[in-house]
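Here are my notes on the model you sent. They are set out as numbered points, to be read with the structure open.

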Amino acid sequence: MESCNCIEPQWPADELLMRYQYISDFFIALAYFSIPLELIYFVKKSAVFPYRWVLVQFGAFIVLCGATHLINLWTFTMHSRTVAIVMTAAKVLTAAVSCATALMLVHIIPDLLSVKTRELFLKNKAAELDREMGLIRTQEETGRHVRMLTHEIRSTLDRHTILKTTLVELGRTLALEECALWMPTRSGVELQLSYTLRHQNPVGFTVPIQLPVINQVFSTNRAVKISPNSPVAKLRPSGKYMQGEVVAVRVPLLHLSNFQINDWPELSTKRYALMVLMLPSDSARQWHVHELELVEVVADQVAVALSHAAILEESMRARDLLMEQNVALDLARREAETAVCARNDFLAVMNHEMRTPMHAIIALSSLLQETELTPEQRLMVETILKSSNLLATLINDVLDLSRLEDGSLQLDIEPFDLHGLFKEVLNLIKPIASVKKLFVTLSMSSDLPEYAIGDEKRLMQIMLNVVGNAVKFSREGGISISASVAKSDSLRDPRAPDFFPVFSDNHFYLRVQVKDTGSGISPQDIPKLFTKFAQSQSLAAKNSGGSGLGLAICKRFVNLMDGYIWLESEGLGKGCTAIFMVKLGLRGRSNEAAPIHVQSPCKSWTNNFTGLKVIVMDDNGVSRMVTKGLLVHLGCDVATVSSGDECLKVVNNEHKVVFMDVSIPGIDIYAVAVRIHEKFARRRDRPLIVALTGNTDRVTKESCMRVGMDGVILKPVSVDKMRSVLSELLDHGVLLEAQ
């Protein structure tokens, strides 16, 4: 056998392999035993790890694997059966734990993957939140700029200042190179350059409003990026290497009234202006979203500010116009008040001046009538008296109508004898009707109250006017008067559409109907009869009694009494019916005697006033002489004076009555009455004081009553009227009604 020169290894090959395996198993076991220690430390330190039991199971698997490798160290040499059994048990346990761990990993891997997915989702949400926070910060910054711009814009309500301030503040906030405002022209077919930030071109440059770029901007409320070379953006000097981005936004013109710069319209056909904003040239800067939003908000704020400014201008113009109108109205009111005062003063003077001669005419005519006259003379005197009374009635009507028109006339609401009023009207009308051979009948319904509350004098005036007209326009036949309480179903009449009765327990509506057999009225002439100085043409041709103011006065008196009056006639020659309703008050629920003083029959002084001492105080010699003549005719012993001092000197306890004219210039007649009262300590020694006046207003009557006068007589005065006054004064000690 040949010898070999090979270098034999230090250890045999099998033994060497075994040695390596032995060393490897040792280090594997050492690693396996160190890993669980590290896992235990990790689990102990981690309070939020969700898979602790998995780590425990995995640690057991590693420990068993390490134990297997450790036990395997004893198998490289001769070993006992005990070592084999331990080795087998370790491997069985390792296999079991390995299978359990593998199955558990299959179960928890999807959970681990979902955790990873949630982790990615949370990362995305965090990134999105960061972006939103950036947007919020941007919006806050934008809002701050908007508030600042809005404050600057709205710090004035002058529209030109608003627009200029807008451009300046936008240029400063956004660091713009140029900013311009284009306004529509009067024609509405062009936009005119009205304001710029830095451009020096003359204002007046125009572009057609139908350009596509303008239509594009006007069609949306958003800021729109436009080409730097568009006609509305060519405001920067040429030669720039790279022009900055340009945006344009519309500005609504909510109110464009009387708002002109050069050729600006009063009312534009377009509802928008155009604002153009340019970033600096030779810059890489671009428009950001928040900057565009800022521009849009500012455009809206400018529109609101312009509308407020327009409203302010309109309100200031309206205020100025209203002030002018108020000045004109105040001037007209003063002129009207002056005219009313002048008219009232004129009427008062004319009333006094006209009644003084009327007093003389009527008094002397009535005195003449009681003398022996031939039939022809008596007819002439009666004509004078009738004409004088007609003229006196006309004077009263003019004064009443004047006070009705200026609202100064007020009703004297007092209790009165309603039945007695109708009987008195009948007694006054019958003598006049008998002259024309006309019969007059009076019918009062059973439910008509005997006493009522109202203005007896005005109701009497209405009755006398209406019945007097019936007598005046009747030549034959007669006049029938009927009075009743108006029923609720008869108050609403189609001929009185403006009459709206109001019922109550304390009031009733008196319905009076006066029917005559006179000449009648054409239906078309009826409405004219209630106007001043109006009369049917047919009646005017047949009657010479004058048109007068009777029905016009009646209509106004009836209206004051919450009533209505109308006429009915079937035509000429068929008579006429006058109907009126007035509202009166009730004195209780029964017609028992009320505390109303009814004149009793005149006693000792009725027909004989011989020796009655009377004083007449009047500054007008004619009027004084006439009044004295009336009293002398009645048998009185009359003393006349022309002033208050004379009256105070003359009057004594033998004088029974003092007649005083209240219109004496320069004399306070009321003070004279008070001094007469003071002169006599005992009432029975003091004479009765009666005022003679031409004023029919309530103020005069109340003034006389306030100073203690015993009555008021309205001029003119006839013999019969003076006889009635003296009788009432001497019988009752007071004149119950202004005569």
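**Notes on the predicted model**

1. Helix H15 is a good place to start. The cover over its buried residues includes strand E14 (613–617), helix H14 (644–650), E16 and strand E17 (688–693). Please keep in mind throughout that this is a predicted model.

2. Which residues of H15 are buried? In this helix, which spans residues 669–679, they are Ile669, Val672, Ala673 and Ile676. Viewed down the axis of H15, the buried residues fall within an arc of 100°, so they line one face of the helix. The general background is that an α-helix has 3.6 residues a turn, so residues three or four places apart point the same way.

3. E16, named above as part of the cover over H15, runs through residues 657–661 and contains Asp661. Is Asp661 buried or exposed? Its relative accessibility is 1%, and because buried means under 20%, Asp661 counts as buried. The side chain of Asp661 makes a polar contact of 2.4 Å with the side chain of Lys715.

4. Elsewhere in the chain, an open sheet is built from 6 strands, in the order E3-E2-E1-E6-E5-E4, with antiparallel pairing. Its edges are strand E3 (206–208) and strand E4 (224–226), each of which pairs on one side only. From one strand to the next, the twist averages 35°. As general background, strands of a sheet pair through backbone hydrogen bonds, either parallel or antiparallel.

5. At the E3 edge, the pairing partner is strand E2 (residues 190–196), and the two are joined in the antiparallel sense over 3 bridges. One bridge can be located by residue: Gln192 has Thr206 in E3 as its bridge partner.

6. What lies across E2? Helix H4 (residues 159–174) does, and H4 also lies across strand E1 (178–184) and strand E6 (272–278). The angle between H4 and E2 is about 70°.

7. Some totals for the protein chain follow. The secondary structure amounts to 17 helices and 18 strands. The chain has 739 residues, of which 41% count as buried. Among contacts with a separation of 6 or more, 71% are between residues 24 or more positions apart. The accessible surface is about 40,900 Å², with 58% of it belonging to carbon and sulfur atoms.

Conventions. Residues numbered from 1 in each chain as written. Predicted model: local features only at pLDDT ≥ 70, side-chain atom pairs only at ≥ 80, totals over all residues. Heavy atoms only, no water. Helix = DSSP H or I, 4+ residues; strand = E, 2+ residues; numbered from the N terminus. Buried < 20%, exposed > 50% of the residue type's maximum accessible area, 1.4 Å probe, protein only. Polar contact = N/O pair within 3.5 Å; in protein donor to acceptor, adjacent residues only side chain to side chain. Contact = heavy atoms within 4.5 Å. Areas by Shrake-Rupley, 256 points an atom, 1.4 Å probe, with all protein chains shown as cover. Pairing = 2+ DSSP bridges. Axes fitted to C-alpha atoms, helices over the stretch in contact; angles between N-to-C directions. Arc of directions from axis to C-beta.
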